[in-house]
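Colleague: I have a structure open and want to learn how to read it. Can we take it feature by feature?

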Amino acid sequence: MQANICKRQTGASVTSRIQAFKPAGPVAWRRPAAARCGHKQQQHVQPCRAASDQQTASTPATSAAAQEYVQDNEFSITKISYGSILTPVGLVLMIYGFGAYFTLLPGTDISSILLIYGFPMSILGFALSYAQLEPVPCKTTRAAFDLRSSQMTDIQKQIREDTTRYRYGDEKHLDEALDKIWKFGRQGNPPKKMCPTLTGLREETVDGAYCLTLEFASKLELPVWEDRQPKFQSFFGPGVVAKVLPTEQGVDVQLVSDGSGAGRGGGEKKDVLPPLMPGLKARQQ
């Protein structure tokens with residue numbers, strides 16, 4: 001009997017445990033009201049986050065549009081390397097002339113003419129290729145391009161045109177201008193080997209004004225450049241404000257148009273004649 005009673009008690013306890021874990025009804029399996037409200041709030045928050053992400057993504061696009069660079073499609077014969085044209089043409093004429101002279105190629109009658117023109121042309125092409133100074137790259141923003149006609153001074157235009165074309169016989173771009181500003185080799189000034197090198201140009205806007213930025217690679221310290229800031233402004237003026245900014249490779253010199261209109265429309269300056277007597281100012285034609 002005791003065994004039967006234990007079995008009955010054990011069965012009763014198991015049944016009670018099952019009933020304790022059994023859900024009271026279908027309502028017990030529903031999600032709590034707080035969880036459902038939280039899910040709805042998340043649904044409302046997601047569109048707000050998407051809108052903020054779109055605004056954040058549109059901000060860089062706007063700044064990128066403001067810094068959009070335009071290509072310089074202006075054609076100029078000075079942007080063509082004469083050495084790269086004369087050298088291959090002269091070599092072709094000279095080689096064909098030798099072949100025709102030794103009857104290896106047709107045209108024996110004109111072989112002498114080909115040699116006469118081909119030999120000096122190739123020599124001249126080699127000389128120009130050796131002495132040429134390649135143009136520096138120039139980046140132009142859309143806003144600065146639109147302000148060229150209204151704010152660019154004559155000196156800014158001359159700098160851009162002289163440095164973005166091939167030059168022959170010069171060691172560096174703006175070599176003479178830098179020599180007059182820095183006066184290299186003189187007492188109290190840096191040596192000639194410390195002369196900065198122009199590596200690029202940027203046409204941009206600073207506070208809504210046209211700005212031509214000269215990128216220099218230099219080992220000179222920033223305080224030395226800041227001491228020459230008034231000389232940069234007076235040499236490349238009038239009508240500009242010079243600013244000196246440090247960079248990783250050296251220094252950037254910004255020539256910002258001051259909006260006064262000075263230095264514009266002056267036309268091409270004539271050659272400067274020597275003074276009549278020592279101590280007098282130089283004459284102009």
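**Reading the model, step by step**

Modeller: Start with one residue. Ala143 has 31% relative accessibility, so Ala143 counts as partly exposed. Ala143 sits in helix α5, residues 142–146. Keep in mind that this is a predicted model.

Colleague: Why does 31% make Ala143 partly exposed?

Modeller: The label depends on cut-offs. Under 20% is buried, over 50% is exposed, and partly exposed is in between. Ala143, at 31%, therefore gets the middle label.

Colleague: Which residue 60 places along the chain from Ala143 has its C-alpha atom 8.9 Å away?

Modeller: That is Glu203. Read two separations here, one along the chain and one in space. For Ala143 and Glu203 they are 60 residues and 8.9 Å between C-alpha atoms.

Colleague: Now the whole protein. How many helices and strands are there?

Modeller: Ten helices and ten strands. Of the 285 residues, 27% are buried. The exposed surface comes to about 19,700 Å². Carbon and sulfur atoms supply 58% of that area.

Colleague: What share of contacts joins residues at least 24 apart, among those between residues at least 6 apart in sequence?

Modeller: The share is 63%.

Colleague: How do I read a pair of helices?

Modeller: Look at the distance between the axes, then the angle. Take α3, residues 82–101, and α4, residues 111–131. Their axes come within 7 Å and cross at roughly 150°. Angles over 145 degrees count as roughly antiparallel. So α3 and α4 are roughly antiparallel to each other.

Colleague: Which hand does the crossing of α3 and α4 have?

Modeller: Left-handed. Next, sort the residues of the contact by class. The contact of α3 with α4 has 17 nonpolar residues and ten polar ones. Charged residues are absent from this contact.

Colleague: Show me one residue of α4. Is Leu114 buried or exposed?

Modeller: Buried. Leu114 is in helix α4, and its relative accessibility is 15%. Now list its contacts, leaving aside neighbours within four places in sequence. Leu114 then touches Leu93, Met94, Tyr96, Gly97 and Phe119. Add a distance to the list. Leu114 and Ile95 are 19 residues apart in sequence, with 8.7 Å between their C-alpha atoms.

Colleague: And Ser129, which residues does it contact beyond four places in sequence?

Modeller: Gly83, Ser84 and Thr87. Ser129 also lies in helix α4. Its relative accessibility is 33%, so Ser129 counts as partly exposed. The C-alpha atoms of Ser129 and Ser84 are 6.9 Å apart, with the two positions 45 residues apart along the chain.

Colleague: Next, backbone angles. What should I look for?

Modeller: Look at the sign of phi, and check whether the residue is a glycine. Thr103 is not a glycine, yet its phi is positive, about 55°. Thr103 belongs to the loop between α3 and α4.

Colleague: Is Thr103 buried or exposed?

Modeller: Exposed. Its relative accessible area is 58%. Now take Leu174. It too is a residue other than glycine with a positive phi, near 60°. Leu174 lies in the loop between β4, residues 167–168, and α8, residues 175–182. Leu174 counts as buried, at 17% relative accessibility.

Colleague: One more backbone feature. Which two residues does the cis peptide bond join?

Modeller: Gly237 and Pro238. Check omega for this one. Here omega is about 0°. Then place the bond on the chain. Pro238 is in the loop between α10, residues 229–235, and β7, residues 240–246.

Colleague: So I go from accessibility to contacts, then to helix pairs and backbone angles.

Modeller: Yes. Try it on the view in front of you. Start with the loop between α3 and α4, where Thr103 is found.

Definitions and conventions. Residues numbered from 1 in each chain as written. Predicted model: local features only at pLDDT ≥ 70, side-chain atom pairs only at ≥ 80, totals over all residues. Heavy atoms only, no water. Axes fitted to C-alpha atoms, helices over the stretch in contact; angles between N-to-C directions. Helix = DSSP H or I, 4+ residues; strand = E, 2+ residues; numbered from the N terminus. Parallel < 35°, antiparallel > 145°, perpendicular 65-115°, else oblique. Left-handed = near helix turned anticlockwise from the far one by under 90°. Nonpolar A, V, L, I, M, F, W, Y, C, P; charged D, E, K, R; others polar. Buried < 20%, exposed > 50% of the residue type's maximum accessible area, 1.4 Å probe, protein only. Contact = heavy atoms within 4.5 Å. Areas by Shrake-Rupley, 256 points an atom, 1.4 Å probe, with all protein chains shown as cover.
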